[in-house]
Amino acid sequence: MKKKLMRSFLQKNEINVCMVELLKKYGAYIRAKAIRAVSNEAEREELTAGIIIHLYEKLSKMVYTEEGKFEYWLHTVVNHYIISWRRKRAKKLPISDIELERIPSASPSLGRNSSS
């Protein structure tokens with residue numbers, strides 16, 4: 001099945017049918033990677049959908065070309081997407097989400113009565 005699936009991708013025939021087959025075979029793996037990466041269910045769904053779209057784009061542009069190494073390629077693409085997704089999310093962290101009470105004061109004299 002793997003060779004037939006990859007041959008179809010490589011020939012750009014029936015990519016939608018191939019994606020269905022890919023998700024049947026590797027969908028549980030993709031979901032497991034998302035579960036390990038994110039604890040929030042809404043973010044997990046967003047991440048899983050992003051991975052699937054990213055795989056579709058990669059395969060439709062024929063980025064994968066080596067037969068026989070598909071699982072390794074899939075693992076690499078999924079892991080790199082998760083890392084990239086986390087970096088993008090970290091950049092978008094609003095300042096209100098940071099616990100300001102835990103940040104130490106720059107000046108030790110702030111908040112103390114200095115009129116002793």
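Arg44 lies in helix α3. This is a predicted model, and Arg44 is a good place to enter it.

**Arg44 and its surroundings**

Arg44 is buried, yet no salt bridge involves it. The nearest side chain of opposite charge belongs to Glu41, 4.8 Å away. A salt bridge here needs a nitrogen of Lys or Arg within 4 Å of a carboxyl oxygen, so Arg44 and Glu41 do not form one. What does Arg44 touch, leaving aside its neighbours within four places in sequence? Its contacts are Ala34, Ile35, Val38 and Ser39.

**The overall plan**

The chain has four helices and zero strands. Along the sequence the pattern reads α-α-α-α. There are 116 residues, and 27% of them count as buried. Take the contacts in the chain with a separation of 6 or more: 64% of them join residues 24 or more positions apart.

**Helix α2: a kinked helix**

Helix α2 covers residues 15-37. A straight helix of its 23 residues would span 33 Å, at 1.5 Å a residue. The end C-alpha atoms of α2 span only 28 Å. Where is the kink in α2 centred? The kink is centred on Tyr26, and its angle is about 65°.

Tyr26 is also one of the buried residues of α2. The others are Ile15, Cys18, Met19, Leu22, Gly27, Ile30, Lys33, Ala34 and Ala37. Ala34 appears again here, as a contact of Arg44.

Lys33 stands out in that list for its charge. Lys33 sits in helix α2. The residue is buried and has no salt bridge. How far away is the nearest side chain of opposite charge? That side chain is Glu71, and the distance is 14 Å. Not counting residues up to four places away in sequence, Lys33 touches His75, Val78, Asn79 and Ile82.

**Helix α4: a matching length**

Helix α4 covers residues 70-91. Its 22 residues should span 32 Å at 1.5 Å a residue. The end C-alpha atoms are 32 Å apart, so expectation and model agree.

The buried residues of α4 are Phe70, Trp73, Leu74, Val77, Val78, Tyr81, Ile82 and Trp85. They cover an arc of only 160° around the axis, so they lie on the same side of α4. Two of these residues, Val78 and Ile82, are among the contacts of Lys33.

What does the face turned away from the buried side of α4 carry? That face carries the exposed residues Tyr72, His80, Arg87, Ala90 and Lys91. Take His80, which is found in helix α4. Its relative accessibility is 54%, so His80 counts as exposed. The C-alpha atom of His80 is 9.8 Å from that of Ile51. Along the chain, His80 and Ile51 are 29 residues apart.

**Salt bridges**

How many salt bridges does the structure hold? There are three. The table gives the N to O distance of each pair.

| Pair | N to O distance |
|---|---|
| Glu21 and Lys24 | 3.6 Å |
| Glu43 and Arg89 | 2.5 Å |
| Glu46 and Arg89 | 3.8 Å |

Start with Glu21 and Lys24, whose side chains meet in a salt bridge. These residues are three apart in helix α2, so about one helical turn separates them. Is Glu21 buried or exposed, or in between? With 27% relative accessibility, Glu21 counts as partly exposed. Lys24 is exposed, because its relative accessible area is 61%.

Next comes the salt bridge of Glu43 with Arg89. This pair links distant parts of the chain: Glu43 is in helix α3 (residues 41-60), Arg89 is in helix α4, and they are 46 residues apart. Glu43 counts as partly exposed, at 25% relative accessibility. Arg89 is partly exposed as well, at 33%.

Arg89 also forms a salt bridge with Glu46. Glu46 lies in helix α3 and Arg89 in helix α4, so this pair ties together parts that are 43 residues apart in sequence. Glu46 has a relative accessible area of 41%, so it is partly exposed.

Put together, Glu43, Glu46 and Arg89 are linked in a network of salt bridges. By contrast, Arg44 in helix α3 is buried and has no salt bridge.

Technical notes: Residues numbered from 1 in each chain as written. Predicted model: local features only at pLDDT ≥ 70, side-chain atom pairs only at ≥ 80, totals over all residues. Heavy atoms only, no water. Helix = DSSP H or I, 4+ residues; strand = E, 2+ residues; numbered from the N terminus. Expected span 1.5 Å × (residues − 1). Bend = angle between axes of the 7 residues up to and from the residue. Buried < 20%, exposed > 50% of the residue type's maximum accessible area, 1.4 Å probe, protein only. Contact = heavy atoms within 4.5 Å. Arc of directions from axis to C-beta.
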